[in-house]
Amino acid sequence: MFKLFSLRPKNNSFAPDRKDIKLILGLGNPGEKYATTYHNVGQLYIDHIAKGPFKKYRNFEFSKENGLIFVKSLTFMNNSGIAAREVLKYFNLKPENLLVVHDDSDIPLGQYKLSFDQGSAGHNGVQSVTDHLKTQSFFRLKIGVRENQIGKAGEFVLKPISKSGLSLLKKV
């Protein structure tokens, strides 16, 4: 199911178009321990759509394909802003050219939302990006990870995604 938030920023001073996206950054945690956890759906998304090969630079790795730059953060989720700031500087891009892909525990598994100029809604990785870029004026692709879990996100986002959940995510 596709849900699209308004892409008009809160202050109405700048209304970017999705074609302004030049770089897609998948958030997650490094290492095999976290590779298929709910918190890593941003990196799983990049793995699914980018062909590679990836080149490593400091706190991120990237692949340039079809006019887009696909990036995986090599920092832990709560420090994602370090990689976001470095990659924008490396490619001389603005936050408005950035699409951050991440998990969202408020959205059911199998759904996603696209937004621009929105707050972090308690997502520490997104808050880190906002803090390091000193703006929230970037695109976000929020991929739902709430399967059948009851409770707070911290209780399940670092657990492995179920086989049926992985299958559903690949369709998304």
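The second largest pocket of this predicted model holds about 210 Å³ of space. Its lining is made up of Val41, Leu44, Tyr45, Asp47, His48, Ile143, Leu166, Leu169, Lys170 and Val172. By class, seven of these residues are nonpolar, one is polar and two are charged. Which helices supply at least two residues each to this lining? They are helix H1 (41-49) and helix H4 (163-171). H1 gives the most, with five residues. An α-helix has 3.6 residues a turn, so residues three or four places apart point the same way. That spacing is worth keeping in mind when looking at the lining residues in the viewer.

Now step back to the whole chain. The protein has four helices and eight strands. Along the sequence they follow the pattern β-β-α-β-β-β-α-β-β-α-β-α. Of the 172 residues, 49% count as buried. The exposed surface comes to about 9,100 Å², and carbon and sulfur atoms supply 50% of it. Contacts reach far along the chain. Among those between residues at least 6 apart in sequence, 70% join residues at least 24 apart.

Helix H3 shows how such burial looks in one element. This helix runs over residues 124-133. Its buried residues are Gly125, Val126, Ser128, Val129, Thr130 and Leu133. What covers them? The cover includes helix H2 (80-90), strand S6 (98-108) and strand S8 (139-146). So a helix and two strands are among the elements to display around H3.

Just after H3 comes Lys134. This residue sits in the loop between H3 and S8. Its phi is near 60°, a positive value in a residue other than glycine. Most residues other than glycine have a negative phi, and most peptide bonds are trans. Is Lys134 buried or exposed? With a relative accessible area of 74%, Lys134 is exposed, because the cut-off for exposed is over 50%.

Asn66 is another residue with a positive phi. Its value is about 50°, although Asn66 is not a glycine. Asn66 lies in the loop between strand S4 (60-65) and strand S5 (68-73). At 82% relative accessibility, Asn66 counts as exposed.

The backbone has a further feature at Pro53. The peptide bond from Gly52 to Pro53 is cis, with omega near 0°. Pro53 belongs to the loop between H1 and strand S3 (55-57). Pro53 also leads to the next stop, since Pro53 is one of the residues in contact with Phe62.

Phe62 lies in strand S4. Its relative accessible area is 7%. That makes Phe62 buried, because the limit is under 20%. What touches Phe62, once its neighbours within four places in sequence are left aside? The contacts are Pro53, Phe54, Lys55, Tyr57, Ile69, Phe70, Val71, Tyr90 and Phe91. Phe62 can also be placed by a backbone distance. Phe62 and Lys72 are 10 residues apart in sequence and 6.5 Å apart in space, C-alpha to C-alpha.

Phe62 also takes part in a group of aromatic rings. Tyr57, Phe60, Phe62, Tyr90 and Phe91 form one aromatic cluster. The structure holds nine aromatic pairs. In one of them, the rings of Phe60 and Phe62 have their centres 6.1 Å apart and their planes at 45°, so the pair is tilted. Phe60 and Phe62 are both buried. Tyr90 and Phe91 make an edge-to-face pair, with 4.8 Å centre to centre and 85° between the planes. The two partners differ in cover. Tyr90 is partly exposed, with a relative accessible area of 39%, whereas Phe91 counts as buried at 16%.

Methods: Residues are numbered from 1 along each chain as its sequence is written. This is a predicted model: local features need pLDDT of at least 70, side-chain atom pairs count only at pLDDT 80 or more; totals for chains, interfaces and linings use all residues. Side-chain values use heavy atoms; hydrogens and water are left out. Buried means under 20% relative accessible area, exposed over 50%, partly exposed in between (1.4 Å probe, protein chains only). Contact means heavy atoms within 4.5 Å. On a 1 Å grid over the protein atoms alone, a cavity is a set of points where a 1.4 Å probe fits but cannot get out, and a pocket is an open set with protein on both sides within 12 Å along at least five of seven lines; lining residues have an atom within 4 Å of a point. Grid points are joined across faces, edges and corners, and a volume is the space filled by probe spheres set on the points. Ala, Val, Leu, Ile, Met, Phe, Trp, Tyr, Cys and Pro count as nonpolar, Asp, Glu, Lys and Arg as charged, and the others, Gly among them, as polar. Accessible areas come from the Shrake-Rupley method with a 1.4 Å probe; for residues, only the protein chains shown count as cover. Rings of Phe, Tyr and Trp (its six-membered ring) pair if their centres lie within 6.5 Å; planes under 30 degrees apart count as stacked, over 60 as edge-to-face and the rest as tilted.
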